[in-house]
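Colleague: Could you take me closely through one strand and what it pairs with, and then go on to some helix contacts and a small sheet? Please explain each term once, as I am new to this.

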Amino acid sequence: MHYKVTVVGAGNVGATCAQLIAQADIADVVMVDVAADLATGKALDMMESAPVLGFNARITGGGDYDPTAGSQVCVVTAGLARKPGMSRDDLLAKNTEIVSEVVRQLVSRSPETILIIVTNPLDAMCEVARRVSGFPRERVIGMAGVLDAARMRWFIAEKLSVSVEDVDAFVLGGHGDSMVPLPRYATVNGMPLPQLLDADTIAQINDRTRNGGAEIVNYYKTGSAYYAPGASSYEMVKAILLDKKKILPCAVYLQGEYGYDGLFIGVPCLLGRGGMEKVIELKLTTEEKALLAKSAEAVKGLVEALPK
Ligand code: TXD
């Protein structure tokens, strides 16, 4: 079967994700953007890279949603990006409007699709997508933890001068400054991180992970990170389409797990062809639970601030 993935928002993150999906030949990609010509132009530009890179997937782009019909996965990156000095939360009102409209358009044409939400403020936009789509939680998944964990993994690999391939890490909680890096569950080729680095160094890595988005915004000045966010979105699409049963940290609508009910929070999930197939519950220390509670409060605040 030939899979179809829609990416809404042909901006920095959307286009990076689209290119990676096509280049891996796992699906055809339809890009949609209000800036229709931007989507058309980027799709053409990517297709012109196909002969050189050697992929056969088709990428199309424009402003029309009809070509998205029957998509197995839809990635929503449409919205405004953060500018320096702007918090993720400042984006709330504007992006609620955008994500609501985008999701309505998508689900009317692909009622069985799996939604991957990327637009910030992430956890609140997931809730908007869940409400508008009426989908079960298995089919509304937020991308944040894969990115936050990737940042943490890179900082660990850099610090220890080891291959990124050997480094695993988990970040829980909302995708904000109160996210919860979990060094106790980070490993380097199976070896627990706390045995390899001292507590101060680990604390520095945790802080840098929490501020990873802001660090890039400060360099870019006119936009936010996109290579790692695009790659992280692609990783989730791949895990779903190829039914990998991969455990990845994702924002998911909790129903009692970790003591939360009715809130999107980043936790380890098993991703496969059914979407978010299982929430994995880790045993947390009292301190980790307290940090997660703080992060959950921040998400709750955002959700309560959503326009009714
Ligand atoms: O970890 C994460 N979840 C994130 C989230 C990591 C990085 C970026 N994150 C958020 O993703 C960011 O704060 C933004 O809310 C989105 C997209 O970021 P990107 O850097 O790709 O922003 P761009 O380059 O501005 O692209 C957004 C595109 C742009 O081309 C707009 O024209 C389009 O979205 N857009 C729309 N498309 C379709 N429909 C509507 N209504 C629309 N409005 C804007």
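Modeller: Strand β1 (residues 4-8) and β4 run parallel and are joined by four bridges. This is a predicted model, in which local features need pLDDT of at least 70 and side-chain atom pairs count only at pLDDT 80 or more, while totals for chains, interfaces and linings use all residues. Residues are numbered from 1 along each chain as its sequence is written, and side-chain values use heavy atoms, without hydrogens and water. Strands (E, at least two residues) and helices (H or I, at least four) are DSSP runs numbered from the N terminus, and strands pair if DSSP finds at least two bridges between them.

Within the pairing of β1 with β4, V5 has V73 as its bridge partner. On another pairing, β4 is joined to strand β5 (residues 114-117) by four bridges, again in the parallel sense. There C74 of β4 lies opposite L115. Strand β4 itself covers residues 73-76; V73 and V75 point one way, C74 and V76 point the other way, and all are buried (under 20% relative accessible area, with exposed over 50% and partly exposed in between, for a 1.4 Å probe and protein chains only).

Now the helices. Helix α5 (residues 122-133) packs with helix α10 (residues 286-304) at about 50°, their axes 9 Å apart (axes are lines fitted to C-alpha atoms over the stretch in contact, and angles run from 0 to 180 degrees between N-to-C directions). The two helices are therefore oblique to each other (neither under 35 degrees, roughly parallel, nor over 145, roughly antiparallel, nor 65 to 115, roughly perpendicular). In the contact (heavy atoms within 4.5 Å), α5 supplies D123, A124, E127 and R131, and α10 supplies V299, L302 and V303. Four of these residues are nonpolar, none is polar and three are charged (Ala, Val, Leu, Ile, Met, Phe, Trp, Tyr, Cys and Pro count as nonpolar, Asp, Glu, Lys and Arg as charged, and the others, Gly among them, as polar).

Helix α6 (residues 145-160) and helix α7 (residues 199-210) cross at roughly 145°, and their axes come within 9 Å. Residues in this contact include M152, F155 and I156 of α6 and I205 and N206 of α7. Its residues divide into four nonpolar, three polar and four charged.

Last, the small sheet. Three strands form an open sheet in the order β7-β10-β11, paired antiparallel. Its edge strands, β7 (167-168) and β11 (191-192), each pair on one side only. Strand β10 (residues 187-188) is joined to β11 by two bridges, with V188 opposite M191.
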